[in-house]
Amino acid sequence: MPTIKKNNTQYTDFELRASYCSKGPLSLNNIIKEDMVAVASILYIKCNLCGKINKVKTSSEHRSGQRGRLTFNINSRAVLGSLQAGIGNTHLNNLFATMNVPTMNNRTFKS
Ligand SMILES: [Zn+2]
């Protein structure tokens, strides 16, 4: 996992995206909910120290165009990979369904 240095503390990329707690490590044992957006997930993890619920995204996001909505990088990579492999939205969704991953609608696929 990539690590990033900030204020002389070594964080993993994963820890940096936690929305509240930067002091203590969050444990994957404390996941209370997971929202899946195609291949990306938003994990809701309860902090052992303060009890707050942290929203942790498993992928960074980018905006497509200047005013486009935020899209998970990993989902864009899945689309680019499928196009590279010569398959479109339907076939990618067949793959996702087999993987037990939520499918991607056509609007998301094109963004
Ligand atoms: Zn905390």
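**Two positive-phi residues and a three-stranded sheet**

In this predicted model, Ala-38 lies in the loop that runs between β3 and β4. The backbone there is noteworthy in its phi angle: Ala-38 is not a glycine, yet its phi is positive, at about 55°. Most residues other than glycine have a negative phi. As for its surroundings, Ala-38 has 23 other C-beta atoms within 10 Å, and because the threshold for a buried residue is 20 or more, Ala-38 counts as buried.

The two strands that flank this loop belong to an open sheet of three strands, arranged in the order β3-β4-β5 with antiparallel pairing. The edges are occupied by β3, residues 31-37, and β5, residues 53-57. Each of these has a single partner strand, and therefore one side of each is left without a neighbour in the sheet. On average, neighbouring strands of this sheet are turned by 20° against each other, when direction is ignored.

Strands of a sheet pair through backbone hydrogen bonds, either parallel or antiparallel. Here, β4, which spans residues 40-46, runs antiparallel to β5 and is joined to it by five bridges. Within β4 and β5, the position of Leu-43 can be related to its counterpart: Leu-43 stands opposite Val-56 in β5.

A further positive phi is found at Asn-100, also not a glycine, with a value of about 60°. Asn-100 is placed in the loop between α3 (89-98) and α4 (106-110). Is this residue buried or exposed? Asn-100 has 7 C-beta neighbours inside 10 Å; since a residue with 12 or fewer is classed as exposed, Asn-100 counts as exposed.

How values were computed: Residues numbered from 1 in each chain as written. Predicted model: local features only at pLDDT ≥ 70, side-chain atom pairs only at ≥ 80, totals over all residues. Pairing = 2+ DSSP bridges. Helix = DSSP H or I, 4+ residues; strand = E, 2+ residues; numbered from the N terminus. Axes fitted to C-alpha atoms, helices over the stretch in contact; angles between N-to-C directions.
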